[in-house]
There are 2 protein chains.
Amino acid sequence: MEHDLPEPPWRTPRKQPARRSLSREAIVEAAMGVLRKEGIDGVSMRRVATELSTGAASLYAHVANKDELVELLFDEVVAEIPLPEPDPARWREQLTQLWVDSRAALMRYRDIARAALGSVPLGPNALRVTETTMQLLRLGGVPDQAIAWATDVVGLYVSASAVEGAMRAQREEGRLDARGRYIQGEDQARQLQEYFAALPADRFPTFVALLPHLTTGTDDERFRFGLDLLVGGLTGLATGPRAAGP
Amino acid sequence: MEHDLPEPPWRTPRKQPARRSLSREAIVEAAMGVLRKEGIDGVSMRRVATELSTGAASLYAHVANKDELVELLFDEVVAEIPLPEPDPARWREQLTQLWVDSRAALMRYRDIARAALGSVPLGPNALRVTETTMQLLRLGGVPDQAIAWATDVVGLYVSASAVEGAMRAQREEGRLDARGRYIQGEDQARQLQEYFAALPADRFPTFVALLPHLTTGTDDERFRFGLDLLVGGLTGLATGPRAAGP
DNA sequence: CCCTCCTGACGAACACTGTTCGAAGCGAAC
DNA sequence: GTTCGCTTCGAACAGTGTTCGTCAGGAGGG
């Protein structure tokens, strides 16, 4: 970084100048860059290794698995979720905000949320988010068993929504095919419109009747809709706000 | 099947006796078998082709893509969801039952639900399920915009829950590693217990306090918990049951 | 009856993937 | 000074989805 002049050729080359730099942190950092740019499918062992100008096999000294690497990535993403200072008077808003922020952080890294589905996240940062979530639910007076299940359920919903949002974003981005043909999201949207217009109204009367509403609203609004349903239900379970206690 | 004696060598071999049998239906059927036994990752073009005793390239005459094949599979699975005859007096129970049945049908085919996340299912059978869902919500007097969003939201939740359930089932199944070592689900559960027991109670007080509740309940109960939250919220949006009408 | 034409079948190949093996190289410890 | 152990990393293995070019068989026309 400081000076990238070519090494004088008469000097002995010193193959690894001090570049024992390969470490778990460096690998995760490089992988995060790939993840952000190309999504989880872009994160291959070879791709990450190339980013560090080495071979794929070298990564296995610091990371057991690709699965383990993805877990590390996920927890790194979760670290970006801002945590509130729990306030008993505003536990509902804080909960909603926390979950909205969670989804936003996940979507910032494309389809990383796919890693959360099917494997309960238990990294250090994920634990901190879970702890805060549970604290807020407790402040609201939600029963303990409901708290445990609710964190699970909402986590599932947030992740699923993030995955769906990432897919939609990728589709609208207009990705180019292997051939180089541009598949504009616009084209697909038009095809969908045609498909909908051709649906037999006698067999799908309600669906057809609701067509205008189906494409209404942004992803965030739809997410908020479901989230409000869940939070509303949790409020119903609450015995009213109570002070934090042991 | 009837006789698999070797063909007498002096007979002309007749390479394709009448085996123009390869068709889209046959491919989907074969793939369904693989899916049920080994999950979505087991469904590879070569694997399905082998099941039909042919090569992978042959499938591409009937199916554009692997993605298309998976879409076909998904819709075939959705076909197994039993649809109720909508009854205005019981719209809530019917809705809940429909969603429980949907999750059950998905889980019957391992992790096929992964295909639903990130691509709104629009096959003929999926449309029938969606139509019924919307009819039931209408019977309950849920506003149109809420109906559109609710089908989306709950579909997401059902799929996500099915994925999680499939993963857990696979884990508990005790799969053998590449080495042949048995990784019993029991072992992993014990490791998890140890990890939880070692958590610092001062940094994660609420989490640690709720530990007994975290492992309580079956997957179905947890799913029902979230589903009841959602249905409860939808009931709150309803203007009361009304007769079906245009 | 024969000769096209065309579509489905399919072996081979391409560019990938995750992971393992074995041979090096290096630093530290004895 | 030598040995031990940890990194590094090229090569290879067994997979993956997909495409290409060839080939055979049936349909249709003359």
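User: Hi! Which residues come nearest to DNA strand D?
Analyst: Happy to start there, and keep in mind that this is a predicted model. There are 19 residues around DNA strand D. By class they divide into seven nonpolar, six polar and six charged. Those that come nearest are A:Leu22, A:Thr54, A:Gly55, A:Ala57 and B:Ser44.

User: Which element gives the largest share of the surface near DNA strand D?
Analyst: Two helices of chain B, H2 and H3, each supply at least two residues of that surface. The largest share amounts to three residues. The helix behind that share is H2(B).

User: And what about the other strand: which residues are closest to DNA strand C?
Analyst: DNA strand C is surrounded by 18 residues. Their classes are seven nonpolar, six polar and five charged. The closest are A:Ser44, B:Leu22, B:Thr54, B:Gly55 and B:Ala57.

User: Which helix gives the most to the surface near DNA strand C?
Analyst: The top contribution to this surface is three residues. They come from a helix of chain A that spans residues 45–51. That helix is H2 of chain A.

User: Which residues of chain A does UniProt list as "DNA-binding region"?
Analyst: The listing comes from an unreviewed UniProt entry. In the model, the listed stretch of chain A is 35% helix and 0% strand, and its end C-alpha atoms are 13 Å apart. The entry gives residues 44–63 of chain A.

User: How far apart are the end C-alpha atoms of residues 21–81 of chain A?
Analyst: UniProt, again in an unreviewed entry, lists this span as "domain: HTH tetR-type". The span is 57% helix and 0% strand. Its end C-alpha atoms lie 29 Å apart.

User: Zooming out, how many helices and strands does chain A have?
Analyst: Reading from the N terminus, the order of elements in chain A is α-α-α-α-α-α-α-α-α-α. Of the 246 residues in chain A, 35% are buried. The count for the chain is 10 helices and zero strands.

User: Among contacts in chain A between residues at least 6 apart in sequence, what percentage join residues at least 24 apart?
Analyst: The pool here leaves out pairs that are less than 6 apart in the sequence of chain A. Within that pool, the share joining residues at least 24 apart is 70%.

User: Why can the two copies be described by a two-fold rotation axis?
Analyst: Chain B can be laid on chain A by a turn of 180° with a shift of 0.0 Å along the axis, at an RMSD of 0.0 Å. The copies are therefore related as by a two-fold rotation axis. The contact surface is shared too, since the residues of chain B that make contact recur in chain A at 100%.

User: Which element gives the most to the side of chain B that touches chain A?
Analyst: The contact involves 41 residues of chain B and 41 residues of chain A. Elements of chain B that give two or more residues to its side are helices H5, H6, H8, H9 and H10. This side divides into 20 nonpolar, 15 polar and six charged residues. With 15 residues, the one that gives the most is H6(B).

User: Which residues have the most contacts inside the largest nonpolar core?
Analyst: That core has 116 residues. One of its best-connected members, B:Tyr157, touches A:Leu156, A:Tyr157, A:Ala160, B:Gly226 and B:Leu230, leaving aside residues up to four places away in sequence. The residues with the most contacts inside the core are A:Ile112, A:Tyr157, B:Ile112 and B:Tyr157.

User: Is A:Arg110 buried or exposed?
Analyst: A:Arg110 lies in the loop between helix H4 and helix H5 of chain A. Although it is not a glycine, A:Arg110 has a positive phi of about 55°. Because A:Arg110 has 25 C-beta neighbours inside 10 Å, it counts as buried.

User: And is B:Ser53 buried or exposed?
Analyst: B:Ser53 also has a positive phi without being a glycine, at about 50°. Its place is the loop between helix H2 and helix H3 of chain B. Since there are 10 other C-beta atoms within 10 Å, B:Ser53 is exposed.

User: Last one: what distance separates the C-alpha atoms of B:Leu214 and B:Leu83?
Analyst: B:Leu214 sits in helix H9 of chain B. B:Leu214 is buried, with 20 other C-beta atoms within 10 Å. B:Leu214 and B:Leu83 are 131 residues apart along the chain, and their C-alpha atoms are separated by 34 Å.

Terms used
Residues are numbered from 1 along each chain as its sequence is written. Chains are lettered from A and ligands numbered from 1 in the order in which they are written. This is a predicted model: local features need pLDDT of at least 70, side-chain atom pairs count only at pLDDT 80 or more; totals for chains, interfaces and linings use all residues. Helices (H or I, at least four residues) and strands (E, at least two) are DSSP runs, numbered from the N terminus. A residue is buried if 20 or more other C-beta atoms lie within 10 Å of its own, exposed if 12 or fewer, and partly exposed in between; C-beta atoms are placed from the backbone. Copies are superposed by least squares on the C-alpha atoms of residues with pLDDT of at least 70 in both. Two residues are in contact if their C-beta atoms, placed from the backbone, lie within 7 Å. A residue is near a molecule or strand if its C-beta atom, placed from the backbone, lies within 6 Å of it. Ala, Val, Leu, Ile, Met, Phe, Trp, Tyr, Cys and Pro count as nonpolar, Asp, Glu, Lys and Arg as charged, and the others, Gly among them, as polar. UniProt positions are given in the numbering used here, feature names are shortened, and annotations may be inferred rather than shown by experiment. A nonpolar core is a set of buried Ala, Val, Leu, Ile, Met, Phe, Trp, Tyr and Cys residues joined through C-beta atoms within 7 Å.
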